[in-house]
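I opened my notebook to look up a few things in this structure: charged pairs first, then the greasy parts. Come along and check each entry against the view.

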Amino acid sequence: MTARVVVLVVAIVVTLMMSVAVQGHVFADAYNPDEAKIGAYVSSCWMCNKETIESWWGTACKAVPGVSEVVVFEKKSAIYSRFGFVAYDASRNTIMVVFRGTDNVADWIRNIDFVKIKLWDTDVTVHAGFLRAYEVCRDDWKVDFDRNYATHPNANIMIVGHS
């Protein structure tokens with residue numbers, strides 16, 4: 001798969017995820033190609049190692065200057081592997097939560113769990129496997145997200161992932 005195809009697939013995933021609401025913030029009422037492109041770049045950073053991401057020095061990182069306060073979260077067990085990071089983009093006043101997607105056989109097995117279930121106490125339905133994956137790592141990134149949100153209460157919020 002070429003890099004352009006990967007970026008296109010990531011951009012489509014980013015676009016779909018940008019309708020998520022977090023703490024009263026609604027991301028986008030319409031598709032924004034510039035935001036999708038940024039989402040594609042930051043979600044491709046998962047291919048870098050932890051040190052490269054935290055120093056914001058990788059190739060994809062350089063395409064999105066102004067990012068700081070990068071904290072990587074990683075959780076592994078015999079049945080799952082979660083990886084991502086929380087960062088603040090001062091140039092766009094945006095807190096980013098980035099998830100790595102499918103990376104191993106356990107992730108693929110979780111992807112098979114595609115039945116839609118209710119998202120907690122809402123009328124929103126979500127992919128059961130994704131919700132379980134999110135719940136496994138929520139505590140790992142939420143502290144850093146909350147710290148960023150307390151420091152930048154008027155920031156935009158971007159949640160992206162790659163799968």
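**Entry 1: Charged pairs**

I noted first that Arg92 is buried, at a relative accessible area of 17%. This is a predicted model, so I treat every value here as computed from it.

Which partner does Arg92 have in a salt bridge? I found Asp89, with N to O at 2.7 Å. Asp89 counts as buried because its relative accessibility is 0%, below the 20% cut-off.

I then counted the salt bridges and got six.

**Entry 2: Along helix α6**

I moved on to helix α6, which covers residues 128-151. Lys142 forms a salt bridge with Asp146, and their closest N and O atoms are 2.9 Å apart. Why can these two meet? They sit four residues apart in the helix, so about one helical turn separates them. I jotted down the general rule too: an α-helix has 3.6 residues a turn, so residues three or four places apart point the same way.

Are Lys142 and Asp146 buried or exposed? I had to write "partly exposed" for both: Lys142 has 33% relative accessibility, and Asp146 has 31%.

I found another pair in α6, where the side chains of Arg147 and Asp144 meet in a salt bridge at 3.6 Å, N to O. These residues are three apart in the helix, again about one helical turn. Arg147 is partly exposed at 34%, whereas Asp144 is buried at 15%.

Back to my first pair for a moment: salt bridges with shared partners join Glu35, Asp89 and Arg92 into one network.

**Entry 3: Helix α2**

Next I looked at helix α2, residues 33-43. Its N-terminal end is capped by Asn32, which has a side-chain oxygen 2.9 Å from the backbone nitrogen of Asp34. Among the buried residues of α2 I listed Ala36, Ile38 and Val42.

**Entry 4: The nonpolar cores**

Which residues have the most contacts inside the largest nonpolar core? I wrote down Val42, Trp56 and Phe85, in a core of 19 residues. The elements giving two or more residues to this core include α2, β3 (67-76) and β4 (81-89).

I stayed with Trp56 and left aside its neighbours within four places in sequence. Trp56 is in contact with Val42, Cys45, Cys61, Val64, Val67, Val70 and Phe85.

Apart from this core lies another, of twelve residues, including Ile95, Trp141, Phe145 and Ile159. My last jotting was a general one: in soluble globular proteins, nonpolar side chains tend to be buried together.

Technical notes
Residues numbered from 1 in each chain as written. Predicted model: local features only at pLDDT ≥ 70, side-chain atom pairs only at ≥ 80, totals over all residues. Heavy atoms only, no water. Salt bridge = Lys/Arg side-chain N within 4 Å of Asp/Glu carboxyl O. Buried < 20%, exposed > 50% of the residue type's maximum accessible area, 1.4 Å probe, protein only. Polar contact = N/O pair within 3.5 Å; in protein donor to acceptor, adjacent residues only side chain to side chain. Core = buried A, V, L, I, M, F, W, Y, C linked by side-chain atoms within 4.5 Å. Contact = heavy atoms within 4.5 Å.
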